[in-house]
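Could you look through the points below with the coordinates open beside you? They are meant to be read in order, one region at a time.

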Amino acid sequence: MTTGDTTPDRQPGHDMLLPELVAHLRENRSDLREKWAARITDAHLLSAMTNKEIFSEATSVYDNYVEVLETGNVEALQHYARDLSERIIPRGVETNEVVGIVLLLRDVLARSLFEKYRRDFPLLNRILDAYEPAANRIANTVAVSFVEERERVIRQQQDALRELSTPVLQVRERLLILPIIGILDTQRAQQLTEQLLRGIRTHRAKVVVVDITGVPEIDETVANHLVQTVDASRLMGAGVIVTGLSAEIAQTLVTIGVDLSKLSTVGDLQGGIEEAERVLGFKVIRSGDAET
Amino acid sequence: MPKPKNPAFHQPPPVSILRQGGYLIASIHTALDDTQLQRFQHDLIDQVGRYRAKGIIIDVAALDIVDSYATHTLRNLARMAGLRGASTVIVGINPDVAYAMVRLGLNLNTVHTALDLDEGLAVLNKATGDDRSRRGLTQRDQTTAR
C-alpha cells in the first residue's frame with residue numbers, strides 16, 4: 001500500500017495527520033461505535049454477554065482506543081484491558097473473541113478512513129501509515145493483556161489446587177495424617193515435605209501417618225523424596241508411618257531397589273492410625289452400642 | 001578447661017550449659033565455627049563426668065544452618081557421651097534446617113531427636129527411666145558399703 005513517493009514527507013506528516021485522524025474518530029464516535037457493536041453481534045463474538053453489555057464495553061474500548069491513538073501511551077489501555085479481562089474471563093470469553101473484536105474495531109475505523117479520504121489517495125496512504133502501526137500496537141496490547149490475565153488466573157488456581165492437595169490434618173493430640181491424592185512429582189513432593197515439617201512444629205506432632213492410597217504411581221526420585229521426608233520428620237522428633245502402598249507401588253519400589261528399610265509401613269490408613277495410637281499410648285474403646 | 005584463645009572471650013559464650021537434675025542442657029545461641037564446636041564438645045563431655053549427668057539435651061533452635069561438620073560433631077558427641085553413660089537428645093531443629101540436612105544427605109540416625117526442650121526431657125526420662133531403679137539400687141549399695 002505504501003508507495004515510494006509518500007516516504008520522504010512521512011515523518012512531518014505523522015505529526016499533523018494523527019490529530020486529524022483522532023478528530024475524525026471523535027466526531028463520528030457514536031456512528032462508528034454502533035457499527036462496531038453491530039459487527040461484533042453479527043460475528044457472534046462475545047456471545048456470553050448481552051447486547052447492552054457489549055455496547056457499553058465497546059464504548060469504553062472505543063474511547064480508550066482513540067486516546068491511545070492520540071497520546072501513544074498504552075499504559076492506560078493495558079490497565080483497562082487487564083481490568084476488562086478480569087471481568088470477562090470468569091464468564092467464559094475466549095482469546096479469539098477478544099482478538100476478534102479488537103481486529104473488528106480496527107477494520108471499522110479503517111473503512112471509515114477509506115470512505116473519508118477515498119478522493120485523495122496519497123493522503124489516504126499517509127493517514128494509513130500513521131494509523132496502522134498504532135492500531136496494530138493497540139491490538140497487540142489488548143491481546144497480550146488478556147492472555148497475561150488468563151495465565152495469572154490459571155497460575156492462581158494452580159497454586160490454590162496445590163495448596164489444597166496436601167492437607168496436613170490433626171486426628172488426635174500429637175498425631176497428624178497426610179493423605180496424598182494424585183500424581184506425586186518432585187515439586188509437589190518438596191512442597192509436601194515443607195508443609196509437613198511446618199505442621200509437625202505447629203501441632204507438636206510425634207507421629208505422622210502418610211497415606212498414599214490415592215497415589216497411582218511412584219518413581220525412584222519420588223520414593224527417595226519420601227525417604228527424605230521421613231528422615232527430616234525424625235530430625236524434628238516425629239515418627240512417620242506410611243500407609244496404603246498399592247500393589248503396583250510395592251512392586252515398583254522393590255524392583256527399582258529403593259532402600260525403604262527406614263520406612264515403617266502399614267497396609268491401610270486404619271491400620272496406620274491404630275499403630276500410631278499404640279505408639280502414642282491411646283486406646284480406643286467402644287463405649288457401648290453404636291448410635292443410630 | 002583450656003583457656004579460650006579468642007581475645008573477645010569476655011563476650012557471652014556462644015553456648016550455655018545448664019544443669020537440670022541429672023541432665024545437662026546445652027543451648028547453642030549462635031552459629032559456631034569449627035574451633036568453637038570442638039571446644040563445646042570438649043566442655044560438654046568434660047561436664048558429663050564432673051556432674052555425673054545421665055542425659056544431655058542439645059538445643060539447636062537458634063541455628064539456621066547445620067552443616068556436615070556440625071552434624072559429624074553432634075554424632076560424635078552423642079557417642080562420647082554414651083561412653084560416659086549419658087544419653088543425648090538433639091532438640092529444636094527447624095523445619096527448614098531439617099529439610100536442608102536431609103537434602104545434603106546428613107543424618108543423625110544414631111542420635112535421639114525431639115521437637116523442643118519439653119519433648120527432649122520426656123525422651124530422656126523415658127530413655128533413662130529404666131536405669132533409674134538400678135541407680136537407686138547402686139546408691140543404696142554404696143551407702144550400705146560405707
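The numbered points below go through the sheet of chain A, its helices, the side that touches chain B, and then chain B itself.

1. Please keep in mind throughout that this is a predicted model, and that the values quoted here are computed from it.

2. In chain A, five strands form an open sheet in the order β1-β2-β3-β4-β5, and the pairing within this sheet is mixed. The edges are taken by β1 (169-172) and β5 (264-266) of chain A, each of which has a single partner strand, so one side of each is left without a neighbour in the sheet. From one strand to the next the twist averages 30°.

3. At the β1 edge, β1(A) runs antiparallel to strand β2 (residues 175-181) of chain A and is joined to it by three bridges. Within this pair, A:Q170 stands opposite A:L176 of β2(A).

4. Two helices can be described against this sheet. Helix α7(A) lies across β1, β2 and β3 (207-214) of chain A and runs at about 160° to β2(A), whereas α8(A) packs on the sheet by touching β3 and β4 (239-243) of chain A, with a direction that makes about 150° with that of β4(A).

5. Helix α8(A) deserves a separate check of its geometry. Its 16 residues should span 22 Å at 1.5 Å a residue, and the end C-alpha atoms are 23 Å apart, which agrees. Just after α8(A), the residue A:G237 takes a positive phi of about 85°.

6. Which residues of α8(A) are buried? They are A:A223, A:H225, A:L226, A:T229, A:V230, A:D231, A:A232, A:S233, A:R234 and A:L235. What covers these buried residues comes from both chains, and includes α7, β3, β4 and α9 (247-256) of chain A together with α3 (95-103) and β5 (112-114) of chain B.

7. Where the chains meet, 13 residues of chain A are in contact with 13 residues of chain B. On the side of chain A that touches chain B, α7 (186-203) and α8 (220-235) each supply at least two residues. By class, that side of chain A has four nonpolar, three polar and six charged residues.

8. Elsewhere in chain A, A:A130 belongs to helix α6 (residues 121-165). Is A:A130 buried or exposed? Because 21 other C-beta atoms lie within 10 Å, A:A130 is buried, the cut-off for that class being 20 or more. The C-alpha atoms of A:A130 and A:M16 are separated by 9.7 Å, although the two residues are 114 residues apart along the chain.

9. Chain B has four helices and five strands, which follow the pattern β-β-α-β-α-β-α-β-α when read along the sequence. Of its 146 residues, 32% count as buried. Among the contacts in chain B with a separation of 6 or more, residues 24 or more positions apart account for 74%.

10. In chain B, strand β1 (residues 15-20) runs antiparallel to strand β2 (residues 23-28), and six bridges join them; B:S16 has B:S27 of β2(B) as its bridge partner. The hairpin of β1(B) and β2(B) has two residues between the strands, and there B:G21 takes a positive phi near 60°.

11. Strand β2(B) also pairs with strand β3 (residues 55-59) of chain B, in the parallel sense and over five bridges, with B:I57 of β3(B) as the bridge partner of B:I25. Between these strands the chain crosses from β2(B) through helix α1 (residues 34-50) of chain B to β3(B), and this β-α-β crossover is right-handed.

Note on methods: Residues numbered from 1 in each chain as written. Chains lettered and ligands numbered in written order. Predicted model: local features only at pLDDT ≥ 70, side-chain atom pairs only at ≥ 80, totals over all residues. Buried ≥ 20, exposed ≤ 12 C-beta atoms within 10 Å, placed from the backbone. Pairing = 2+ DSSP bridges. Right-handed = clockwise from strand over helix to strand, strands pointing away. Contact = placed C-beta atoms within 7 Å. Nonpolar A, V, L, I, M, F, W, Y, C, P; charged D, E, K, R; others polar. Axes fitted to C-alpha atoms, helices over the stretch in contact; angles between N-to-C directions. Expected span 1.5 Å × (residues − 1).
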